[in-house]
There are 2 protein chains.
Amino acid sequence: MERYPIFAVTADLVVLTIRDDRLCALVVRRGEAPFQGEWALPGGFVRPDEDLDRAAARELEEETGLAVGTVHLEQLRSYGAPARDPRQRVVTVAYLALAPDLPTPKAGTDAADARWVPVERARSLAFDHDAILADGVERARAKLEYTPLATAFCAEEFTVAELRRVYELVWGAELDPRNFHRKVTGAANLLVPTGSTTTRDGGRPAQLFRRGTATTLHPPMPRTA
Amino acid sequence: MERYPIFAVTADLVVLTIRDDRLCALVVRRGEAPFQGEWALPGGFVRPDEDLDRAAARELEEETGLAVGTVHLEQLRSYGAPARDPRQRVVTVAYLALAPDLPTPKAGTDAADARWVPVERARSLAFDHDAILADGVERARAKLEYTPLATAFCAEEFTVAELRRVYELVWGAELDPRNFHRKVTGAANLLVPTGSTTTRDGGRPAQLFRRGTATTLHPPMPRTA
DNA sequence: ACAAAAGTGTTGGTTTTACACCCATGG
DNA sequence: CCATGGGTGTAAAACCAACACTTTTGT
């Protein structure tokens, strides 16, 4: 029986939300070495009997207090450069989480502090977390085009304008409100009308919708910029 | 200092090519326990000082003899269910490799045998490799739509018809040769004409092309089926 | 000359874009 | 009544599927 090289495996999280009209990522201040006191992505070691997805969900809950049910969570990719962790060989399986606007998270067990930071201002994170964050943002941007993922940034019930705002903020580009409306209301199974309306955005009352069952967006949302 | 759970990490490969007008995957017969004698995806343990990408490239070369330069290699995703390997906790980072038609591979160090199998006939692989293979094929199908990835299945120089054949075989759908031709020759930086022609497909000589520098396909190739 | 495959032109229908315009509310 | 945003109509432009047709080879 040969001996297998020994690794530790962590699950790290790129948690994105929209706050104050900005695309923000969740960062925590590390309470332990290495990189103690520096900002990093939330995450932690996968336990011996735990599935990767489950570990990511647990970390999300521990470090943010977010109920996992309301959050979209998907695997992003893995990172395993030999020297990415100074302690020992660590492979991290990064996950991408998208959440509606939520209360400011409280510090968890391993984190001295936790906060939302606009993605363009999240720099110099610990380990290789700058690159992981960039990959996560890039994935989110790409998936808005051809999936209903933008709805993950919205509350349970939302208006077409709120959904459009998600696109505009994530992409950093303006979209025509009229054509956007036609497009998303025309896409099969994307939106389910609740029947009620709201005036929370001002002006004429807007219909409220819930996410539909669509898993892809046909035709895709054209990204002009 | 806390103790970190111990994992082994492997790099497994979904290697796809087109042979005899079929989309084929590379499978190896395992020479060692567990699952000795059964078919599995090629792969092996990541070494203590080796990057994940490098491990995948090394395994590809070891188990197939393919020169890595001619092969497209990208990370697929990671799999880490607690019981996926009966020996101990193993997380595998799966990679997707796309290669032009190549000589039948020879068995490597860990593999008693190696061969190309049409993807629809690759079933009952060891570990969770059925699922990994399915994910790899799905990824390849999806990426043909909006990336120049189909060219990875072609030789260095190829004709438009050969490229079209890739789409037809991977998607299992027929495409109009005329419109396909216009589309791919019109896409910016997708194809670079070599200036020479070939009659290897019969009929009127066809121009030969090399891959261009494009990283995405605008507009995407419409998948009708 | 004929078959076979490459490649171009054309046409009619769909989709997209840009914007005019009306609708329903709060102040 | 006015400002504000929600939502519909519409014409010009762009795009695309389908297929007739021409080109260039091998036999």
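What follows is a chat about a predicted model of two protein chains and two DNA strands.

Visitor: Before we start, what are the ground rules for this model?
Guide: It is a predicted model, where local features need pLDDT of at least 70, side-chain atom pairs count only at pLDDT 80 or more, and totals for chains, interfaces and linings use all residues. Residues are numbered from 1 along each chain as its sequence is written, chains are lettered from A and ligands numbered from 1 in the order in which they are written, and side-chain values use heavy atoms, with hydrogens and water left out.

Visitor: OK, how are chain B and chain A related?
Guide: A rotation of 179° with 0.0 Å of shift along its axis puts chain B on chain A, with an RMSD of 0.1 Å. The two copies are thus related as by a two-fold rotation axis. The superposition is by least squares on the C-alpha atoms of residues with pLDDT of at least 70 in both copies.

Visitor: Which C-alpha of chain B is nearest the axis?
Guide: That of B:Phe7, 2.5 Å from the axis. The same surface serves both copies, too: 100% of the contact residues of chain B recur in chain A.

Visitor: How many residues of each chain are in contact there?
Guide: 31 residues of chain B are in contact with 31 of chain A, where contact means heavy atoms within 4.5 Å.

Visitor: And what area is buried between them?
Guide: About 2,500 Å², with carbon and sulfur atoms giving 59% of that. Buried area here is the accessible area (1.4 Å probe) that two parts lose on being put together, summed over both. B:Tyr4, B:Pro5 and B:Phe7 supply 21% of what chain B buries against chain A, more than any other three residues.

Visitor: How many salt bridges and polar contacts cross that interface?
Guide: The rule finds 0 salt bridges, a salt bridge being a side-chain nitrogen of Lys or Arg within 4 Å of a carboxyl oxygen of Asp or Glu. For polar contact, the rule finds 10 residue pairs, both residues at pLDDT 80 or more. A polar contact is a pair of N or O atoms within 3.5 Å; within protein, one must be able to donate a hydrogen and the other to accept it, and residues adjacent in sequence count only if both atoms are side-chain atoms.

Visitor: Which elements of chain B are on that side?
Guide: β1 (8–19), α1 (52–64), β5 (72–79) and β6 (90–98) each give two or more residues. The largest share, 4 residues, comes from β5(B). Helices (H or I, at least four residues) and strands (E, at least two) are DSSP runs, numbered from the N terminus.

Visitor: What about residue classes on that side of chain B?
Guide: There are 17 nonpolar, 4 polar and 10 charged residues. Ala, Val, Leu, Ile, Met, Phe, Trp, Tyr, Cys and Pro count as nonpolar, Asp, Glu, Lys and Arg as charged, and the others, Gly among them, as polar.

Visitor: Switching to the DNA: which residues are closest to strand C?
Guide: A:Arg178, A:Arg204, B:Ala161, B:Arg178 and B:Arg182, out of 22 residues that surround DNA strand C. A residue is near a strand if one of its heavy atoms lies within 4 Å of it. Of the atoms of DNA strand C within 4 Å of the protein, 51% belong to sugar or phosphate and the rest to bases.

Visitor: Which side chains reach its bases?
Guide: A polar side-chain atom of A:Arg178 lies 3.2 Å from a base nitrogen of DNA strand C, and one of B:Arg182 lies 2.8 Å from a base oxygen. α4(A) gives the most to the surface near DNA strand C, with 4 residues.

Visitor: And what sits at the bases of strand D?
Guide: For DNA strand D, polar side-chain atoms of A:Arg182 and B:Arg178 lie 2.9 Å from a base oxygen and 3.3 Å from a base nitrogen, respectively. B:Arg182 has a side-chain N or O atom 3.2 Å from a base nitrogen of DNA strand D. Here the largest share of the nearby surface, 4 residues, comes from α4(B).

Visitor: Last one: where are the cis peptide bonds?
Guide: From A:His218 to A:Pro219, with omega near -5°, and from B:His218 to B:Pro219, also with omega near -5°. A:Pro219 is in the segment after β9 of chain A, and B:Pro219 is in the segment after β9 of chain B.
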